[in-house]
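Me: I should like a close look at one part of this structure, namely its nonpolar core and the helix that contributes to it. Please explain it formally, at a level suited to a first-year student.

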Amino acid sequence: MTQFLPPNLLALFAPRDPIPYLPPLEKLPHEKHHNQPYCGIAPYIREFEDPRDAPPPTRAETREERMERKRREKIERRQQEVETELKMWDPHNDPNAQGDAFKTLFVARVNYDTTESKLRREFEVYGPIKRIHMVYSKRSGKPRGYAFIEYEHERDMHSAYKHADGKKIDGRRVLVDVERGRTVKGWRPRRLGGGLGGTRRGGADVNIRHSGRDDTSRYDERPGPSPLPHRDRDRDRERERRERSRERDKERERRRSRSRDRRRRSRSRDKDERRRSRERSKDKDRERKRRSSRSRERARRERERKEELRGGGGGGGGGDMAEPSEAGDAPPDDGPPGELGPDGPDGPEEKGRDRDRERRRSHRSERERRRDRERDREREHKRGERGGERGRDEARGGGGGGGQDNGLEGLGGDGRDLYLESEGGDGYLAPENGYLMEAAPE
């Protein structure tokens, strides 16, 4: 394929001439032979300088030491400037400080965009204003963030001092105080190392983040009369009122939390009580069904016994009915009179049922216990009345009937017990409808 390429393209793929060999300029490091062997520094010790003639070592200043030195120098320079300005500062002869000092209000932390008309509208609600002086920077002409407001009446200044502190103007809360330059002896402005608050006391270990007119700890060492002693008392009362209000709010919140907890616990108790009541009602229903089934079973067994007795006594005639009882053919008596064996009223099954009933009664309220006792007394009374009526009926039937066969002569005293047994523990033959059912006539 390459034979078809033109000569100019074939020349691009032609090999170049081989690189010519040039002898090395010097020997390789491993080929060199050192004529002078290696040695230590012992031969050159005599050339060293005597340590006694050496200059003392110089120590370089670290970065922290340099910063601390500059800070101290700056503080010293500033102290000198403050001392010079303090000698020249006289607030009573200041041309910018005009008007009555006891009617003038000092407003700080003012928004830089707030105008004089805005300040006038905000502070005229406390009384008529005579003059407003906003402080501007001499170099840039921008506002410094504080102003002096002179009222026409001193009582209006007191009202503004009490109520305007912390008022939000153009998104910033202002600080309101009296003018202290001409009213407090020994007062110095912030630029001369004075002022209220502790944000510029020194380093971060002594400065505080927030300050206000109540923080006068900077001037504790300066004796001097307070400009408004009654205002100080009002300020203390206001502080105490705020503390009491905070305590009341905390107590109210604690009461609310306790009431919420009580409601929550009450709801849980109600829920548990409803659940327990449902369980008790289910237990009662089960016990009622169990008693009804037992009463039906006892009634069925009693009917079967009566049928057997009636069928056995019919073949021998009326005169033979008295012989079974004398010959010992009567139903066996498994215990003393009044007991009918395991299934009788006083048998183990009935005793276990009484024990369960007593255990359930112990968990009921006093009202339910009282109601159960009354119901038991009524049942015992009715049972005794029925037993007396049956005894009188049997006595009348045995004395006047002679050889009359009613199917019950062979039972004797046990027939009455069997009849009582058929009534069940609660005196009901069919408790489903809640009515007392009498035994069917023979």
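**The nonpolar core and helix α3**

Reply: In this predicted model, the largest nonpolar core has 20 residues, and those touching the most other members are Leu105, Val107, Leu119, Phe123, Ile149 and Tyr151. Two or more residues of this core come from each of the elements β1, α3, β2, β3, α4 (154-163) and β6. A general tendency provides the background: in soluble globular proteins, nonpolar side chains tend to be buried together.

Helix α3 spans residues 116-123, and its buried residues are Leu119, Glu122 and Phe123. These residues lie on the same side of α3, because they cover an arc of only 85° around the axis. The general geometry of a helix is helpful here: an α-helix has 3.6 residues a turn, so residues three or four places apart point the same way. The cover over the buried residues of α3 includes the strands β1 (104-108), β2 (129-136), β3 (143-151), β4 (168-169) and β6 (175-178).

Leucine 119 may be considered next. This residue belongs to helix α3, and leucine 119 counts as buried because its relative accessibility is 0%. Leaving aside residues up to four places away in sequence, leucine 119 touches Val110, Thr114, Ile132, Met134, Ala147 and Ile169. One of these contacts shows how the fold brings together separate parts of the chain: leucine 119 and alanine 147 are 28 residues apart in sequence, while their C-alpha atoms are 9.2 Å apart in space.

Valine 107 offers a second view of the core. With residues up to four places away in sequence again left out, valine 107 touches Phe123, Gly145, Tyr146, Ala147, Ile149, Val174 and Leu175. Ala147 is thus a contact of valine 107 and also of leucine 119.

Phenylalanine 123 leads to the aromatic rings. The whole structure contains four aromatic pairs. In one of them, the ring centres of phenylalanine 123 and tyrosine 126 are 6.4 Å apart and the planes stand at 50°, so this pair is tilted. Phenylalanine 123 and tyrosine 126 are both buried. Another pair, tyrosine 146 with phenylalanine 148, is edge-to-face, with 6.2 Å from centre to centre and 85° between the planes. Tyrosine 146 is partly exposed, at a relative accessible area of 25%, and phenylalanine 148 is also partly exposed, at 23%. Ring pairs join Phe106, Tyr146 and Phe148 into a cluster.

The setting of this part in the chain should also be described. The chain has 442 residues, of which 22% count as buried, and its secondary structure consists of nine helices and six strands. Among contacts in the chain with a separation of 6 or more, 60% are between residues 24 or more positions apart. The accessible surface of the chain is about 33800 Å², and carbon and sulfur atoms account for 50% of it.

For contrast with the core, one may turn to the charged side chains. The search of the whole structure finds 36 salt bridges. One of them joins glutamate 253 and arginine 256, at 4.0 Å from N to O. These two residues of helix α5 (residues 229-314) are separated by about one helical turn, because they are three residues apart. Glutamate 253 is partly exposed at 41% relative accessibility, as is arginine 256 at 44%.

Conventions
Residues numbered from 1 in each chain as written. Predicted model: local features only at pLDDT ≥ 70, side-chain atom pairs only at ≥ 80, totals over all residues. Heavy atoms only, no water. Buried < 20%, exposed > 50% of the residue type's maximum accessible area, 1.4 Å probe, protein only. Helix = DSSP H or I, 4+ residues; strand = E, 2+ residues; numbered from the N terminus. Arc of directions from axis to C-beta. Contact = heavy atoms within 4.5 Å. Areas by Shrake-Rupley, 256 points an atom, 1.4 Å probe, with all protein chains shown as cover. Core = buried A, V, L, I, M, F, W, Y, C linked by side-chain atoms within 4.5 Å. Phe/Tyr/Trp six-rings, centres within 6.5 Å; stacked < 30°, edge-to-face > 60°.
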